[in-house]
Amino acid sequence: MSSIGKSINQFISEQQNKTDSNSDDLSGLIADIASACKKIAHLVNRSAITGIGGASASENVQGEVQKKLDIITNDVMVEQLNHHGHLAAMISEEIEDIIQIPEHLPKGKYLIAFDPLDGSSNIDINISVGTIFSILRCTDASREVRSDDFLQAGTEQICAGFCVYGPTTMMILTMGNGVNGFTLDSEIDEFVLTHPDMTIPEDAAEFAVNISNQRFWETSVQRYIDECIQGVDGDREKNFNMRWVASMVSDVYRILIRGGIFLYPLDTKSANSSGKLRLMYEANPMSFIVEQAGGLSTTGYQRIMDIKPTDLHQRVPVILGSKNEVERIIRYHQEDKLS
């Protein structure tokens with residue numbers, strides 16, 4: 001019987017019952033994340049009406065000006081995830097230090113890293129934004145959680161997902177056994193399964209990149225993008241379309257639906273010398289999702305999920321998407337390294 005139309009809670013419970021009978025905490029945690037995302041979707045939809053769009057007077061740990069909704073949505077995530085005893089601690093892209101669970105509240109066996117509002121620079125121009133999260137196991141929840149507890153390679157993730165707030169609100173989720181998409185049904189206020197077993201086509205004819213940074217890229221990336229732009233007149237002998245939303249959740253969702261490649265590569269601008277995107281909050285969860293859907297994710301030189309983090313807010317270059325396209329650009333990096 002088809003699973004389409006099942007609520008996210010029902011779907012997760014059924015999936016977990018097949019693999020782990022002691023997984024109620026994980027199911028409950030995902031349910032809490034879904035509840036937080038519903039609240040954030042409502043805030044995003046009403047941001048212009050309630051006057052919570054625009055920039056705040058503060059900066060995040062990376063020195064970036066925060067939007068008002070960055071702060072508000074971070075508080076929503078913390079408040080929703082604090083109380084039910086599923087987490088040992090959490091970290092947020094918007095907060096420098098670990099967010100400990102208050103002593104008077106129960107603690108669980110999981111850790112979460114999240115970006116509460118990815119793409120928030122687009123909020124005032126009505127472009128889709130989203131929430132990204134990554135769940136890890138806590139090896140010792142009997143003491144206060146330390147940074148080292150979070151600094152696990154992406155291969156250690158047990159669940160990852162993102163929610164995109166667009167024409168519809170959707171949650172994309174993997175628990176290591178494929179990728180499924182759930183749409184928020186506003187009439188019943190539930191996420192229901194609409195996109196089971198999402199798979200990325202191995203070949204594609206779309207690329208997503210900020211072309212204004214082209215002069216700062218490595219030769220391998222310039223070569224790849226030049227070939228795409230040349231289309232049928234170049235070595236690839238096919239036309240490509242460029243798509244760039246500047247909201248990772250939107251770009252990755254598009255790749256899940258129809259294939260393509262997303263690049264935020266290494267460049268020579270001093271502020272981005274180690275890459276732009278955050279390993280723990282963006283690169284790892286998106287890489288887990290993309291790989292589970294049959295795609296690949298790399299820095300150009302290394303599989304992203306093999307990186308052992310050294311800092312909670314570490315940045316990395318990201319190239320991910322359709323398998324054959326990512327393999328091509330990896331090959332170009334290798335050839336440049338050898339030359």
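Begin by selecting helix H8, residues 279-292, which is mostly covered: 12 of its 14 residues are buried. The model on display is a predicted one. Within H8, the buried residues are Leu 279, Met 280, Tyr 281, Glu 282, Ala 283, Asn 284, Pro 285, Met 286, Ser 287, Phe 288, Ile 289 and Val 290. Continue along the chain to Gly 294, which follows H8 and has a positive phi, near 95°.

**Helices H6 and H9**

Next, select residues 219-230, helix H6, together with residues 323-338, helix H9. Two packed helices are described by the angle between their axes and the distance between the axes. Here the angle is about 140°, and the axes lie 8 Å apart. H6 is therefore oblique to H9, since only an angle over 145° would count as roughly antiparallel. The crossing of H6 past H9 is right-handed.

To display the contact itself, show the side of H6 formed by Thr 219, Ser 220, Val 221, Arg 223, Tyr 224 and Glu 227. These residues meet Glu 325, Arg 328, Ile 329, Tyr 332, His 333, Glu 335 and Asp 336 in H9. By class, the residues of this contact comprise four nonpolar, three polar and six charged.

**Helices H2 and H4**

Proceed to helix H2, residues 24-45, and add helix H4, residues 68-82. Their axes are 9 Å apart and the packing angle is about 150°. H2 and H4 are therefore roughly antiparallel to each other, and their crossing is right-handed.

On H2, select Leu 29, Asp 32, Ile 33, Ser 35, Ala 36, Lys 39, Ile 40, Leu 43 and Val 44. Their partners on H4 are Leu 69, Ile 72, Thr 73, Val 76, Met 77, Gln 80 and Leu 81. The contact of H2 with H4 contains 11 nonpolar, three polar and two charged residues.

**Gln 15 in helix H1**

Finally, select Gln 15, which is found in helix H1, residues 8-19. Is this residue, Gln 15, buried or exposed? Its relative accessible area is 16%, so Gln 15 is buried, the cut-off being under 20%. Now show Met 175 and Asn 177: Gln 15 touches both, when residues up to four places away in sequence are not counted. With Asn 177, the side chain of Gln 15 makes a polar contact, side chain to side chain, at 3.4 Å.

Key
Residues numbered from 1 in each chain as written. Predicted model: local features only at pLDDT ≥ 70, side-chain atom pairs only at ≥ 80, totals over all residues. Heavy atoms only, no water. Axes fitted to C-alpha atoms, helices over the stretch in contact; angles between N-to-C directions. Helix = DSSP H or I, 4+ residues; strand = E, 2+ residues; numbered from the N terminus. Parallel < 35°, antiparallel > 145°, perpendicular 65-115°, else oblique. Left-handed = near helix turned anticlockwise from the far one by under 90°. Contact = heavy atoms within 4.5 Å. Nonpolar A, V, L, I, M, F, W, Y, C, P; charged D, E, K, R; others polar. Buried < 20%, exposed > 50% of the residue type's maximum accessible area, 1.4 Å probe, protein only. Polar contact = N/O pair within 3.5 Å; in protein donor to acceptor, adjacent residues only side chain to side chain.
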